[in-house]
Amino acid sequence: MRWLQVRSTALRYIALLLSFSMVSLSRAAGENAGVPEVVVPDLSQIADTVSLNSVTVSGMRKPRLLSESPVVTSIITAEEIQKLDATNLLDVLVQELPGSEFTFGMDQNLSFQVQGLEGNSVLLLVDGTPLAGETINNSDFRRIAAAGIERIEITKGAASAIYGANAVAAVINIVTKQAAPEGWTVDASTHFSAHNEQRHAGSFGIRHGRWSTLTDVQYDGEDTYKIHDTEGDGVTTIYGNRQLNVREKATYQAGERNLLTAHAAFYRHTRDYADYKDNRSLDYTGGLRWESRPRGGGNLDVSYTFDRYDKSDHYPVYHMTVLNYRDLQNSLRAIYTRTFVQRWTLTVGGDALAERLMSYQFDEQGRHTQVKADAFAQAEWRFTDHWSILAALRADWLSHNNLNVSPKAEIMYKVSNLSLRGGYSRGFRAASLKERYMQFDMSTIFTIFGNEDLTPEHSHSFNISAEWAEKTYSITATGYMNLMSNEINVIWDPTLITQLSNGSMVYRNIESRNLAGADVTLMLRHPCGVSGKLSYAYFHEFPHNENNYNWSTCRPHSLTLTADYRKALKHYDFDIMLSGRALSAVTYYGYSDTYTSRDKLVHYPAYSIWKVTFAQCFCQSYRLTLAVDNLFNYRSKTFEYNSPLTTGTTLSATLAISFH
């Protein structure tokens, strides 16, 4: 009853805010009608957004304008993240990355897929450094709070020649915020929605002389709720959860040639698994970075990062916490870049990573270690005003897989507003410690065994793209083909007999398959205040197994859309945005009920989710955002692991305050 009263009060509050907002909008429009003091959008910013004159570091591991990079890279800016009213990285990628899908894995852990490949084939980086810890082959996406993201850089396709293992399907690099160019800043926001969903964030930044510091804090969570099937009487319980993210970044400018950066982060996650037990995750991250411009020329970037990710079960009645997972990583990176005779740039570098993993999935919660080291070289040559070529070669040494070599070659032709790109790259993914040493009792049904004899899986990735960019719009079309071999997966082995079953699941290198697809993105931003982004992704699998079974659960068609209108006045501006995501139906072959074969036909229907957001900014410091999510009240007929987490249409309100 108390929740119903709170919900009723919240709905009345949001309705009142909507009424107040519309009245304010009408008054503001009337008071300023005909007044010449209208703020005109900055045309230079419009050009930067649409003609792709933004700086990226992910595609080539060095700063470069998007329009001049031979590697196709997309960027999601902090402004776009704010418009989405996102809580964490997961919320952003769901809306902004077509061809990707988040689904439920075992025990309601999130599973992520891109271009037909699972999350362990996607390299997730924060400021260029990989994250420790995984959950069902994926990183913990809740670790990355939206409030601290400056931009997200996404490079699809294999990139192992630049980044090494796991960069097979895509590289997603999150660039975190730093203090403003001068002075101090204070930002705070609070958000409320259905199921007692709350998000409270704040940041404080200051820059004085050679020093700067920025501290970001975000707390978010929601209560446990139930999803009822619209057909039948099925009910699914979605566990409540709470997260705390704290991040600190400090810099010191040591003269004109040296910049020192120190960063630290803390993350705490709690999931209300049952009355007697909570699931908890903790992460501690810290590091140092030195960027220098030596007198001899070039740029040097050296960094060290420590990352420890823990998972445990907490029993409140007994005041006891049991640690069952710890992933500890220490990584060191060095990159040197130099441009010769203006048209030729050389980048060389290396990485070293030491990992120690303790897991409940190992026999007697054992510990295993591995060491990785690599060296790479990348050369870019702009041999005419229109042509440029990039070539890279990387050698990775792993303590359990010996040496792996990954080449890459990209070429770009650019004339006027047209850019044509094409290339080849080799991707590889080495077996993880879990896949090598796992011995896990799967709910007393069977045992899953690792395999120390696994060899790395490889891919030959080919891509071609065309891009046309004007000041007010751009369109990019990309096609790709991924030829996979030696994929690592779990299969049923009837010869591994245990006390649980006459057979077991075991990790093996399986048959090859080929993946292909295409992406098309249209971006628009007009001086009148209208802007939008429409993205479509197509995916197709060519299986090579005996019965030509399609094993990928990725949907063949997906579309994302954001369209908004912004009006800026003297002391007031507003933004109305429609955003949505539509995914086609998918049919594939999954495991049988006994898990002994993978020939069970599975079908999931198409669906789409749409959201309307109305944001108002007062006096350049106060921002009120009101939203209606799941606009058309979509609900799953029968809730499945890849159904959207929604109980129907919901309302939300966010109030943000910013002082500079």
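This section describes a five-stranded sheet, the helix lying across it, and a nonpolar surface patch in a predicted model.

The sheet is open and its pairing is mixed. Its strands follow the order β3-β9-β10-β7-β8. The edges are taken by β3 (74-77) and β8 (129-130). Each of these strands has a single partner, so one side of each is left without a neighbour in the sheet. Strands β9 and β10 are adjacent in the strand order. β9 spans residues 149-156, and β10 spans residues 170-176. The two strands pair in the antiparallel sense, over seven bridges. Within this pairing, Ile152 stands opposite Ile174 in β10.

Helix α4 is formed by residues 89-96. The helix lies across four strands: β3, β7 (122-126), β9 and β10. Relative to β9, helix α4 runs at about 50 degrees.

Elsewhere in the sequence, a nonpolar patch of about 820 Å² lies on the surface. Trp468, Tyr473, Ile475, Val520, Leu522, Leu524, Val530, Leu534, Tyr536, Tyr538 and Tyr565 make up the patch. Three strands give two or more residues to it: β29 (473-485), β32 (513-525) and β33 (530-543). The largest share comes from β33, with four residues. Ile475, one of the patch residues, lies in strand β29. Its relative accessible area is 36%. Patch membership requires over 30%, so Ile475 passes this cut-off while being classed as partly exposed.

How values were computed. Residues are numbered from 1 along each chain as its sequence is written. This is a predicted model: local features need pLDDT of at least 70, side-chain atom pairs count only at pLDDT 80 or more; totals for chains, interfaces and linings use all residues. Side-chain values use heavy atoms; hydrogens and water are left out. Two strands pair if DSSP finds at least two bridges between them. Contact means heavy atoms within 4.5 Å. Axes are lines fitted to C-alpha atoms, for helices over the stretch in contact, and angles run from 0 to 180 degrees between N-to-C directions. Patches are made of residues with over 30% relative accessible area and no salt bridge: like charges are joined within 9 Å, nonpolar side chains (Val, Leu, Ile, Met, Phe, Trp, Tyr) within 5 Å. Accessible areas come from the Shrake-Rupley method with a 1.4 Å probe; for residues, only the protein chains shown count as cover. A salt bridge is a side-chain nitrogen of Lys or Arg within 4 Å of a carboxyl oxygen of Asp or Glu. Buried means under 20% relative accessible area, exposed over 50%, partly exposed in between (1.4 Å probe, protein chains only).
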